[in-house]
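Biologist: Before we discuss any details, could you put the model on the screen so that we can go through its ligand sites together?

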Amino acid sequence: MRRIRPTTLWIICCITIFFIGCEDESSQPINEDIETEVDIFTEREWAVIQRLSPLPATPPPNPTNRVANNPDAAKLGQMFFFDERFSRNGTVACATCHSPFHGFADVEATSLGAGRGTRNAPTLLNVAYNKWQFWDGRADTLWSQALFALEGEKEQAGTRLQYAHLIKEFYQNDYEVVFGPLPNLADTNRFPVTGKPGDVQFDNMSEKDKIAVNTVFANIGKAIEAYERLLVSHNAPFDKYVAGDVNAIGIEAKRGLKIFIGKGVCILCHDSPNFTDNEFHNLGVPQGKLPSDTGRYDGIKQLLDNPFNGGGTYSDSPETPQRILNFLEPTQQHKGQFRTPTLRNVALTAPYFHTGEFPTLESIIAFNNAGGVPSGFVGTREGTLEPLNLSEQGVQDLVEFLRTLTGESPPQHLLRKPKLP
Ligand code: HEC
Ligand code: HEC
């Protein structure tokens with residue numbers, strides 16, 4: 001065999017490499033290498049992704065509310081939800097701030113009810129999957145959450161006595177089908193037309209009558225919860241993707257998902273099929289012009305003080321919630337913590353964060369990307385927050401991923417104001 005001289009070999013090599021290189025350049029799109037990299041998640045990554053989908057078909061049971069899954073209670077609750085007579089001036093209902101046409105959230109940064117609030121209204125889609133309600137978790141059930149809104153000075157600002165009479169006047173039959181007999185409220189000396197704890201009219205009532213009114217009040221919340229439990233939104237493009245439809249989400253969203261579970265460390269907190277750990281964190285979100293807000297710190301105090309909490313006398317199953325409450329105690333570490341919100345349907349519910357001061361998803365990711373801001377918040381920021389060094393493309397990819405979390409709407413009849421008695 002003739003020997004090839006090393007220089008010839010060298011030249012042949014160079015020519016071959018040159019042609020392979022040309023071939024590469026001309027036949028493949030520039031993004032191809034990124035695409036093959038993200039299209040095939042590693043087995044470990046895929047295992048993490050599967051923790052996020054699907055959302056269970058129905059929310060977890062709530063034994064503290066015996067009518068939680070009662071369809072008649074849900075119908076009644078839907079009426080209460082849209083009925084503006086449940087307010088001091090007859091002008092504010094739950095739907096005022098939780099608009100079915102804005103993902104059951106509010107277009108405004110902070111909501112306007114009987115007064116201007118200091119926090120952003122979260123979505124009610126999939127709200128029954130939450131372990132805690134409110135940004136500060138001051139309610140441990142949906143039914144007790146509703147009672148805060150009904151009497152809250154900045155929200156509906158009515159009173160439990162007013163509402164009990166409202167039920168008597170317009171809803172007695174429907175109410176009694178679900179909850180049994182209403183107390184006889186006809187004697188307005190015993191049951192004044194309006195009043196709540198702190199008002200003389202209420203405070204002067206007998207203990208027995210107070211309990212009767214509180215029971216009606218709690219039941220209003222329980223009917224509303226039965227309705228809210230139906231506000232589920234499943235089957236987002238992301239869920240279809242995890243279920244095997246590889247084209248359900250685009251390439252940007254796939255890259256975004258990779259960042260979400262990897263470099264972005266979003267998964268650290270938004271980790272469950274409802275994209276939340278159901279815990280509280282201090283991200284150092286600046287309060288801006290809003291008053292200082294201790295978040296979870298005050299939330300725990302209010303939760304423990306509330307006679308309507310899951311462990312209280314109006315609960316239909318107080319034992320388990322009480323055991324959980326026994327472990328709670330506000331400490332320094334809780335200051336400035338807010339609950340990790342769901343990210344399902346997040347594209348529908350701008351503006352964002354508890355302050356409502358972040359107008360777009362891009363602005364949230366920019367905040368995360370910078371590792372937060374150095375001042376203007378309460379308490380101590382969590383140590384895990386550091387700059388992410390995402391490129392502009394990476395930021396956009398994350399946003400695209402978040403957009404794939406918009407699920408199917410609940411049935412249309414649940415989005416409308418029903419005929420009121
Ligand atoms: C004036 C506006 C307004 C009205 C009226 C209102 N809400 Fe809200 N809602 C808010 C705001 C703002 C928050 C967040 C407040 C907070 O975390 O302190 C909130 C929080 C909630 C939450 C907690 C959600 C979560 O993810 O933490 C639920 C559930 C809820 N509202 C249901 C209702 C129901 C039911 C009614 C009627 C009984 C109602 N809201 C009336 C503005 C309103
Ligand atoms: C340390 C826990 C933690 C990490 C990590 C984290 N989040 Fe969050 N996220 C939260 C908490 C807590 C809030 C609410 C903060 C507040 O309002 O004060 C929040 C709020 C949000 C919101 C606003 C939702 C709304 O309805 O207002 C979006 C969007 C969001 N996070 C996306 C992300 C993305 C994307 C990442 C990764 C880049 C990420 N988060 C990383 C805990 C976390």
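Biologist: How do the residues of the shell around ligand 2 divide into nonpolar, polar and charged?

Modeller: This is a predicted model, and that should be kept in mind throughout. In it, 24 residues surround ligand 2, the closest being Cys266, Cys269, His270, Phe353 and His354. Sorted by class, the shell around ligand 2 divides into 16 nonpolar, six polar and two charged residues.

Biologist: Which element gives the most to the shell around ligand 2?

Modeller: Strand 2 (338-339) and helix 14 (361-369) each supply at least two residues of that shell. The element that gives the most, with four residues, is helix 14.

Biologist: Which residue is the only protein donor of the iron atom of ligand 2?

Modeller: The donor lies in the loop between helix 11 (251-261) and strand 1 (280-281), and its side chain also places an N or O atom 2.9 Å from a nitrogen atom of ligand 2. Its NE2 atom is 2.1 Å from the iron, and the only protein donor is His270.

Biologist: Where do backbone atoms approach an oxygen atom of ligand 2, and at what distance does His354 do so?

Modeller: A backbone N or O atom of Phe353 lies 2.8 Å from an oxygen atom of ligand 2. For His354, the corresponding distance from a backbone N or O atom to an oxygen atom of the ligand is 2.7 Å.

Biologist: Turning to ligand 1, which residue is the single donor from the protein to its iron atom?

Modeller: Of the 30 residues that surround ligand 1, the closest are Cys94, Cys97, His98, Arg119 and Phe134. The donor sits in the loop between helix 5 and helix 6, and its NE2 atom is 2.1 Å from the iron, so that the single donor, given a cut-off of 2.8 Å, is His98.

Biologist: Which residue has a side-chain N or O atom 3.1 Å from a nitrogen atom of ligand 1?

Modeller: Oxygen atoms of ligand 1 are approached by the side chain of Arg119, at 2.7 Å, and by a polar backbone atom of Phe134, at 2.6 Å. The side chain that lies 3.1 Å from a nitrogen atom of ligand 1 belongs to Gln145.

Biologist: At roughly what angle do the axes of helix 6 and helix 9 cross?

Modeller: Helix 6 gives the most to the shell around ligand 1, with five residues. In its contact with helix 9, the residues that meet include Leu142 and Trp143 in helix 6 and Phe217 and Ala218 in helix 9. The crossing is right-handed, and the two axes, which come within 7 Å, cross at roughly 115°.

How values were computed: Residues numbered from 1 in each chain as written. Chains lettered and ligands numbered in written order. Predicted model: local features only at pLDDT ≥ 70, side-chain atom pairs only at ≥ 80, totals over all residues. Heavy atoms only, no water. Near = heavy atom within 4 Å. Polar contact = N/O pair within 3.5 Å; in protein donor to acceptor, adjacent residues only side chain to side chain. Donors = N, O, S within 2.8 Å, 3.2 Å for Na, K, Ca; no water. Axes fitted to C-alpha atoms, helices over the stretch in contact; angles between N-to-C directions. Left-handed = near helix turned anticlockwise from the far one by under 90°. Contact = heavy atoms within 4.5 Å. Nonpolar A, V, L, I, M, F, W, Y, C, P; charged D, E, K, R; others polar.
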